[in-house]
Each structure stands twice: as structure tokens, then as C-alpha cells.
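Trainee: I would like to go through this chain with you, from the overall fold down to single residues. Please show the entry.

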Amino acid sequence: MKKEKVLGMIFAVVAAIAIGRVISIEKSYRAAAEEYDRLYETMPFSHKRFDVNTMRRSLEERAGKGRTPLAGAKPDPGEIASRLKQISDTYDGVIGWIDFDTLPISYPLMQGETNQDYLRTTYSGTGATAGSIFVESLNSADLQDQHTIIYGHNMKDGSMFGQLKNYVSPDFMEDNRYFSIYTPGGDAYLYEAVSCMVVPLDSFVYNLSFGDDGAYEDYLHMIGYEGEDIPQSVTLSTCAGSDKAYRLVVNAVRKQECFSEGELLTYFSK
């Protein structure tokens with residue numbers, strides 16, 4: 001009887017610790033979400049720029065009918081750059097902002113001296129399970145490398161890069177291909193996702209340098225890019241479930257470096 005009582009006490013302590021850990025993690029989730037929400041609300045995204053996916057589909061459906069698809073209000077990239085400059089002056093690691101039109105992925109883009117700097121730390125330096133969205137420390141901060149890698153946690157609540165796992169569905173990929181990266185210097189880049197893969201940690205998708213242009217072209221073909229030009233590329237990387245030996249990645253290529261409505265209308269009507 002005494003033994004059973006001791007075991008019961010042990011189980012109760014273990015259960016209390018487990019419950020406390022869950023509560024602590026949930027509090028960390030909420031605190032990080034609130035912190036990022038507060039920063040997001042200071043950005044000029046309250047009236048999102050027009051949905052380029054909807055624009056593309058609309059142009060395809062209405063081709064030859066002489067009708068222009070409706071476009072929602074969009075912020076001036078210069079306005080975004082101005083706000084980003086203020087943020088980057090306050091938080092040293094901020095090098096840009098990544099924003100998806102059709103998904104709740106819109107976060108400051110960080111870069112540290114090592115990849116551990118923002119793994120479990122928010123843009124403000126607060127410790128958090130969710131960490132930050134951050135660029136590979138060996139990449140150039142100006143995003144001008146041939147290939148840039150961006151990391152983010154696969155959060156169960158769908159925050160950070162928790163939405164990327166949905167890209168394994170071809171239909172989801174088709175409907176959510178485009179995202180943008182803005183920089184404090186005023187650059188605005190449009191990217192198109194071309195493939196989603198589950199890869200080992202030593203996969204070719206993590207190559208940062210290529211022996212020559214031919215090797216880089218081979219890389220682009222390996223990720224599923226079929227265009228004739230040679231664009232810069234980005235790999236979005238997150239965890240692939242509980243298997244720590246693999247990662248889920250979404251590979252994308254840079255499509256356009258401007259966001260004027262006329263230029264995008266021209267681009268998507270090709």
C-alpha cells in the first residue's frame with residue numbers, strides 16, 4: 001500500500017511537471033504571437049496590396065474580353081521601406097520583411113552572426129519557442145546571392161512557417177505561389193514557389209555556392225524551375241514533423257523587382 005502511494009505521488013509530480021511545461025509553451029506561443037502582431041500592425045499592410053494570384057487567374061479567365069481585374073489597395077514599397085528602416089534602426093538583426101499575399105505569413109526577416117541567434121529568439125531578443133524567421137548567417141544580408149536560405153519553425157498553431165507543409169498539395173501550391181520580400185533600403189522582390197520537398201539535412205537544396213553558372217542552372221532544374229532565364233532563388237526551410245533528420249522546404253525563384261500595378265498586370269498577362 002505504501003509503495004502504491006509513493007508511485008501515485010511520483011505520477012502526480014510527473015503529471016504536474018508535464019502540465020506545467022505545456023502551459024509554459026502555450027504562454028510562450030501567445031507571447032510571441034502578440035509581439036509579432038504588435039509589430040505587424042505598425043506596418044502599412046492594413047490594406048494589403050492586390051492578390052497577385054487572383055490577378056493571374058482573373059487575367060487568364062478574362063483574356064480577350066477587354067476587362068481589367070479589380071485590384072485592392074496596396075501600400076507603397078517606399079512606405080514599407082521607411083517603416084522597415086525605423087524597425088531595423090531599433091532592432092539590429094532586421095534585414096527585411098517577408099509577406100505572403102494569401103497566407104498568414106508576414107514577419108520581420110532576421111539575420112544573426114550564427115543560425116542560433118534567432119532560432120529561439122524574437123526580433124526584440126525575447127526568448128520564445130517560435131523564434132524568428134531568419135536568413136542563413138552565411139548569406140548576404142542584401143539578398144543578392146544566387147541562392148538564399150530562410151529558416152522558420154513549423155509551429156503547430158500555423159504561425160511562422162507552420163503553413164509550409166501545405167505546399168505538398170499541388171492545388172495549394174497553385175493557389176499560393178507568390179510571396180514578397182521588402183528591404184529597409186527600398187527594394188521589393190516578388191518570388192514564385194516552384195516546388196516543395198522533404199529532404200535530408202545534407203540535401204543539395206542547402207548549397208550556397210556553385211562552381212559555375214552551369215552548376216547553378218542544374219540546381220534550378222533540380223528544384224523544378226523550367227524557365228529560360230536564370231533567376232536568383234530562395235529556399236524556405238522548416239522542420240518535417242518529428243523526424244529531426246529531415247526538413248521540409250519550399251523552393252522559389254525571384255520573378256520581379258517592382259510592384260507597380262501596370263507592370264504586374266503586364267507580367268501576369270504574358
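Mentor: Contact here means heavy atoms within 4.5 Å. This is a predicted model, in which local features need pLDDT of at least 70, side-chain atom pairs count only at pLDDT 80 or more, and totals for chains, interfaces and linings use all residues. Residues are numbered from 1 along each chain as its sequence is written, and side-chain values use heavy atoms, with hydrogens and water left out.

Trainee: Of the contacts in the protein chain with a separation of 6 or more, what percentage is accounted for by residues 24 or more positions apart?

Mentor: The elements of the protein chain, from the N terminus on, run α-α-α-β-β-β-β-α-β-β-α-β-β-α. They are DSSP runs numbered from the N terminus, helices being H or I with at least four residues and strands E with at least two. For contacts with a separation of 6 or more, the share from residues 24 or more positions apart is 64%.

Trainee: How many contacts does the stretch 264–270 have beyond near neighbours in sequence?

Mentor: The pLDDT, which is the predictor's confidence in each residue from 0 to 100, averages 81 over the protein chain, and 73% of the residues score at least 70. Over residues 13–24 the pLDDT is below 50, and that stretch has 0 contacts beyond near neighbours in sequence. Residues 264–270 are also below 50 in pLDDT, but their count of such contacts in the model is 20.

Trainee: Which element gives the most residues to the largest nonpolar core?

Mentor: A nonpolar core is a set of buried Ala, Val, Leu, Ile, Met, Phe, Trp, Tyr and Cys residues joined through side-chain atoms within 4.5 Å; buried means under 20% relative accessible area, with a 1.4 Å probe and protein chains only. The largest one has 61 residues, and Ile 150, Tyr 167, Phe 179 and Leu 236 have the most contacts inside it. Strand E6 (residues 188–200) has 10 of its 13 residues buried, so it is largely enclosed by the rest of the structure. With 7 residues, the element that gives the most to this core is E6.

Trainee: In the hairpin of E5 and E6, which residue takes a positive phi?

Mentor: Strands pair if DSSP finds at least two bridges between them; E5 (residues 178–182) and E6 have 5, in the antiparallel sense. One of the bridge partners in E6 is Tyr 189, opposite Ile 181. The hairpin has 5 residues between the strands, and the one with a positive phi, near 105 degrees, is Gly 186.

Trainee: Within what arc do the buried residues of H5 fall?

Mentor: In helix H5 (residues 213–222), Tyr 216, Tyr 219 and Leu 220 are buried. Taking directions from the helix axis to the C-beta atoms, these buried residues line one face of the helix, because their arc is 100 degrees.

Trainee: What is the relative accessibility of Met 160?

Mentor: Most residues other than glycine have a negative phi. Leu 143, in the loop between strands E3 (133–135) and E4 (147–151), has a positive phi of about 65 degrees and is buried, with a relative accessible area of 2%. Met 160, in the loop between E4 and helix H4 (170–175), has a positive phi of about 55 degrees. Met 160 also counts as buried, and its relative accessibility is 1%.

Technical notes
Buried < 20%, exposed > 50% of the residue type's maximum accessible area, 1.4 Å probe, protein only.
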